[in-house]
Amino acid sequence: MTRKPALDRSTPCKDCPLRPLDVFRDRSPTDVDFIQAFKAGELVVGPGATIIRENSKSIHLFTLLSGWAFRYKTLEDGRRQIINYALPGDFLGLQASISNEMNHGVDTLTDAVFCVFPRDRLWTLFTQHPQISFDITWLAAREERTLDEHLLSIGRKTAIERVAYLLWYLYDKARDVGLVKGDKLDLPMRQAHLADTLGLSLVHTNKTLQKLREKRSLVLEDGSLRIINESALKLLGRIETAEMNSRPLI
């Protein structure tokens with residue numbers, strides 16, 4: 001982690017701007033008070049900050065309060081695979097509680113604020129508050145389901161199907177947390193990020209984006225994404241969506 005938590009800057013959990021969003025479950029005042037006691041502070045960083053370093057121990061867990069980040073793994077020669085993108089409300093760093101070391105990294109794409117939780121208190125949470133511990137398990141299972149879809153896309157879909165899937169996924173996820181304004185989403189990643197997510201070369205990614213634009217189901221220009229025909233885009237990306245229940249916010 002690049003900086004210590006700013007203990008003098010902490011949004012009270014009861015005033016969290018994410019809690020009123022429909023995508024998050026209601027919590028009792030007791031739950032909110034417990035999470036507040038669990039929270040150590042907030043970490044405020046700019047774009048390009050490393051929050052979790054690969055193959056290192058992290059003493060903290062994080063909830064992204066605002067901004068964009070991404071989770072990735074790299075090979076020894078520097079080739080990178082972006083595993084997933086984190087948006088407000090996402091819980092990060094749980095994997096090291098199982099393996100002791102982080103086998104992936106997390107970097108920011110934009111200015112970001114993270115709620116910081118001490119990892120060594122995680123077991124206290126499990127023993128004293130089973131509902132919240134179940135919520136963490138639920139979040140881990142949800143992440144596994146998402147990774148299943150990503151793996152299917154990279155392993156079996158064509159290039160244009162992969163790009164359609166990824167852009168719809170990012171748009172839909174951002175829409176849930178209020179980042180789509182009107183019908184437009186500002187995307188902070190570059191084409192290199194998309195290529196590293198899709199398992200394609202930068203040239204192939206660029207050409208595939210051009211082909212997708214020609215389908216006229218979306219407009220992607222100047223760092224913004226507008227979906228014109230969502231049904232057509234989902235059909236193109238072979239996207240099957242299930243009704244998702246509201247999710248917990250830690």
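Me: Is arginine 216 buried or exposed in this structure?

Reply: This is a predicted model, and in it arginine 216 has a relative accessibility of 67%. The cut-off for calling a residue exposed is over 50%, so arginine 216 counts as exposed. You will find arginine 216 in the loop between α7 and β10 (218-221).

Me: What is the phi of arginine 216?

Reply: Start with the general idea. Most residues other than glycine have a negative phi. Now the case here: arginine 216 is not a glycine, yet its phi is positive, at about 60°.

Me: Which residue in the loop between β2 and β3 can I look at next?

Reply: Try asparagine 55, which sits in the loop between β2 (50-52) and β3. Asparagine 55 is another residue other than glycine with a positive phi, near 60°. With a relative accessibility of 57%, asparagine 55 counts as exposed.

Me: Let's move to helices. How many residues does helix α7 have, and how far does it reach?

Reply: Helix α7 covers residues 202-214, which makes 13 residues. From its first C-alpha to its last, α7 reaches 19 Å, close to the 18 Å expected at 1.5 Å a residue.

Me: Which residues of α7 are buried, and which are exposed on the other side?

Reply: The general idea comes first again. An α-helix has 3.6 residues a turn, so residues three or four places apart point the same way. In α7, the buried residues are Thr205, Thr208, Leu209 and Leu212. These four lie on the same side of α7, because they cover an arc of only 105° around the axis. Turn to the other side of α7 and you meet Val203, Lys207, Lys211 and Glu214, which are exposed.

Me: Now the strands. In what order do the 4 strands of the open sheet come?

Reply: To read a sheet, follow it from neighbour to neighbour. Here the order is β1-β8-β3-β6, the pairing is antiparallel, and the sheet is open. Its edge strands are β1 (41-45) and β6 (91-92), each of which pairs on one side only.

Me: How many bridges join β3 to β6, and which residue stands opposite threonine 63?

Reply: Strand β3, residues 60-66, is joined to β6 by 2 bridges, and the two strands run antiparallel. Opposite threonine 63 you will see phenylalanine 91, in β6.

Me: What about empty space inside? How many cavities of 30 Å³ or more are there?

Reply: The count comes to 2. The largest cavity holds about 90 Å³ of space. It is lined by 14 residues, and the closest to its centre are Cys13, Cys16, Arg19, Cys115 and Ile250. Two elements, β3 and β8 (112-118), give two or more residues to that lining. Sorted by type, the lining of the largest cavity has 10 nonpolar, 2 polar and 2 charged residues.

Me: And which residues line the second largest cavity?

Reply: The second largest cavity has about 40 Å³ of space. Its lining is made of Phe34, Ala37, Phe38, Arg121, Thr124 and Leu125. Helices α1 (29-38) and α3 (122-128) each supply at least two of the lining residues, and the largest share, 3 residues, comes from α1. By type, the lining of the second largest cavity has 4 nonpolar residues, 1 polar and 1 charged.

Methods:
Residues numbered from 1 in each chain as written. Predicted model: local features only at pLDDT ≥ 70, side-chain atom pairs only at ≥ 80, totals over all residues. Heavy atoms only, no water. Pairing = 2+ DSSP bridges. 1 Å grid on protein atoms, 1.4 Å probe; cavity = no way out; pocket = protein on both sides within 12 Å on 5 of 7 lines; lining within 4 Å. Points joined across faces, edges and corners; volume = space filled by probe spheres on them. Nonpolar A, V, L, I, M, F, W, Y, C, P; charged D, E, K, R; others polar. Expected span 1.5 Å × (residues − 1). Buried < 20%, exposed > 50% of the residue type's maximum accessible area, 1.4 Å probe, protein only. Arc of directions from axis to C-beta.
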